[in-house]
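Here are my notes for you, written as I went through the model. Have the coordinates open while you read.

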Amino acid sequence: MRTLAVGPVASIMETNLKNVLVVSFGFLLLFTAYGGLQNLQSSLHSKGGLGVTTLSALYGAVLLSSMFLPPILIKRFGCKWTITGAMGCYVAFSLGNFKDSWYTLVPTSVLLGLGAAPLWSAQCTYLTILGNSQARKAGKLGKDVVNKYFGIFFFIFQSSGVWGNLISSLVFEQTPHKGFTEFLLEDQLMSCGAKDCLMSTVATNTTTQPSQKLIYTLLGIYTGSGVLAILLIAMFLEPIDDNPPNSEGEKSPPFWSTLLSTFMLLRDKRLCLLILLPLYSGLQQGFISGEYTRSYVTCALGIQFVGYVMICFSAASSSCSLLYGKISQYTGRAVLYALGTVTHLSCIVSLLLWQPRTAQMAVFFILPGLWGVADAVWQTQNSVIYGVLFEKNKEAAFANYRLWEALGFVIAFGYSTFLCVSTKLYILAAVLILTMVAYGIVEYLESKSHSQISVAGGRSQVNEGESQTNVKEIRIVAEDLRKY
């Protein structure tokens, strides 16, 4: 009998793990393409600021999409087909890059932005449902299984930065350039790093625009990768019952209730405190992919080193995501958040004090590696805490998450062109400290809530015991009366 009981659980576990891997590798293929394209927008489409405008339009559309679309699409089509359709928006953006034009890049970037929030909300909802379902069947805590699944996902997903940057570096390495200049003028180096106020562009003689043939080759690889992602999800991902049937007499929520559910959830004070987590996540990602690559790496070493430096960041974030998913059940999320906070604050202080020099090659790779160690905390634990605390409103909760993260990106891109790098680092440090204070308040409220539930449960058990004792006493008296 024991073998028979364990068998179905093991079978369900294998099925759930297979679905987690399918989602993970689908996102790996998709973001191998998109991540590489995003990093190259400002370089490939620099004329008239087209690249920066494209990214701004993209994240503006993500903001708009996050407000309304995720709950509606997920309830209407389910997680699987929402993911599949949203992936098509990313492939359209890859195709739009074949023509360097305002009429192709801006519309396809808006389309991608509209698909991004439903894509991520559906992915987070899918993994949360899988994790909680598996936990109930295995008799485990839901947060532990959900944490494990998100750890596996982000381990595989974050490696997309490695492959995307490696592909672009290998393709563009075929571009003829004049070689690496080891001795830049001292006044040029002095304007690199935290002192970069974008008053003048520091150019090295190592950057040459790649040929159109190489650009088409890279875009062809990226587009093919996106198409494979769609096929993988459509063919191998199993649909999940994320909309359980209503009980008799219970009506489905009206359309307007679903439409506004993202905003209605903001009435929960815990969510109002937690919005700083995704906001900071967007700010810090915008900094490492935009400011660090431009003001530190490109300024001192040249654009050809950007891909290799970002590989270091992605590898560290990927490896730590898997690690955090496994150890979180022993350490708790508060310890991991403390680790991420200390690591990022240390990196921010280092970036403020460090003056980049070409002779300090190792530092250019160590700092993004450490940044990735902390980034893995935000990527894994943020998703878990939103899924665990708002399990009954997962779609609206994850829509809020993408909304505020997109706002972080928009702010990062918005002040990118008129603030000094040092000012941006001070802003990052201030937001991080405020974020951790707000998070600490949420943890305190949760612990207080659990302790009250435990006390109430203990009292009910005592009352139940007393009532059972009274019943026994009544029965004894009744038996004595019968004897007479």
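1. A term to settle before anything else: buried means under 20% relative accessible area, exposed means over 50%, and partly exposed is in between (1.4 Å probe, protein chains only). By that yardstick Glu-291 is buried, and Lys-424 is buried too. This is a predicted model, where local features need pLDDT of at least 70 and side-chain atom pairs count only at pLDDT 80 or more, while totals for chains, interfaces and linings use all residues. Residues are numbered from 1 along each chain as its sequence is written, and side-chain values use heavy atoms, with hydrogens and water left out.

2. Glu-291 and Lys-424 also form a salt bridge, with 2.9 Å between the closest N and O atoms. (For a salt bridge, a side-chain nitrogen of Lys or Arg has to be within 4 Å of a carboxyl oxygen of Asp or Glu.) This pair links distant parts of the chain, since Glu-291 is in helix α11 (residues 276-300) and Lys-424 in helix α16, 133 residues apart. Helices here are DSSP runs (H or I, at least four residues), numbered from the N terminus. The structure holds 7 salt bridges.

3. Which residues are linked in a network of salt bridges? They are Asp-268, Arg-270 and Glu-446. Asp-268 pairs with Arg-270, the closest N and O atoms being 2.9 Å apart, and Arg-270 meets Glu-446 at 3.1 Å, N to O. The Arg-270 and Glu-446 pair is another link between distant parts of the chain: Arg-270 is in helix α10 (residues 269-274), Glu-446 is in helix α16 (residues 421-483), and 176 residues separate them. Arg-270 counts as buried because its relative accessibility is 19%; Glu-446 is buried as well, at 12%.

4. Now for the empty space. Rolling a probe the size of a water molecule over the atoms shows where empty space is left. A cavity is a set of points on a 1 Å grid over the protein atoms alone where a 1.4 Å probe fits but cannot get out, and lining residues have an atom within 4 Å of a point. Points are joined across faces, edges and corners, and a volume is the space filled by probe spheres set on them. Searching the whole structure gives 3 cavities of 30 Å³ or more, and the largest holds about 660 Å³.

5. What lines the largest cavity? The lining has 34 residues, with Phe-31, Gln-38, Phe-157, Gln-285 and Phe-409 nearest the centre. Helix α1 (residues 2-44) supplies the largest share, 6 residues. By type, the lining splits into 17 nonpolar, 14 polar and 3 charged residues. (Ala, Val, Leu, Ile, Met, Phe, Trp, Tyr, Cys and Pro count as nonpolar, Asp, Glu, Lys and Arg as charged, and the others, Gly among them, as polar.)

6. Two C-alpha distances to check on screen. Leu-276, in helix α11, is 9.9 Å from Val-437, though they are 161 residues apart along the chain. Leu-276 is partly exposed because its relative accessible area is 24%. Phe-364, in helix α14 (residues 361-389), is buried, with a relative accessible area of 0%. Its C-alpha lies 7.8 Å from that of Tyr-296, 68 residues away along the chain.

Note on methods
1 Å grid on protein atoms, 1.4 Å probe; cavity = no way out; pocket = protein on both sides within 12 Å on 5 of 7 lines; lining within 4 Å. Helix = DSSP H or I, 4+ residues; strand = E, 2+ residues; numbered from the N terminus.
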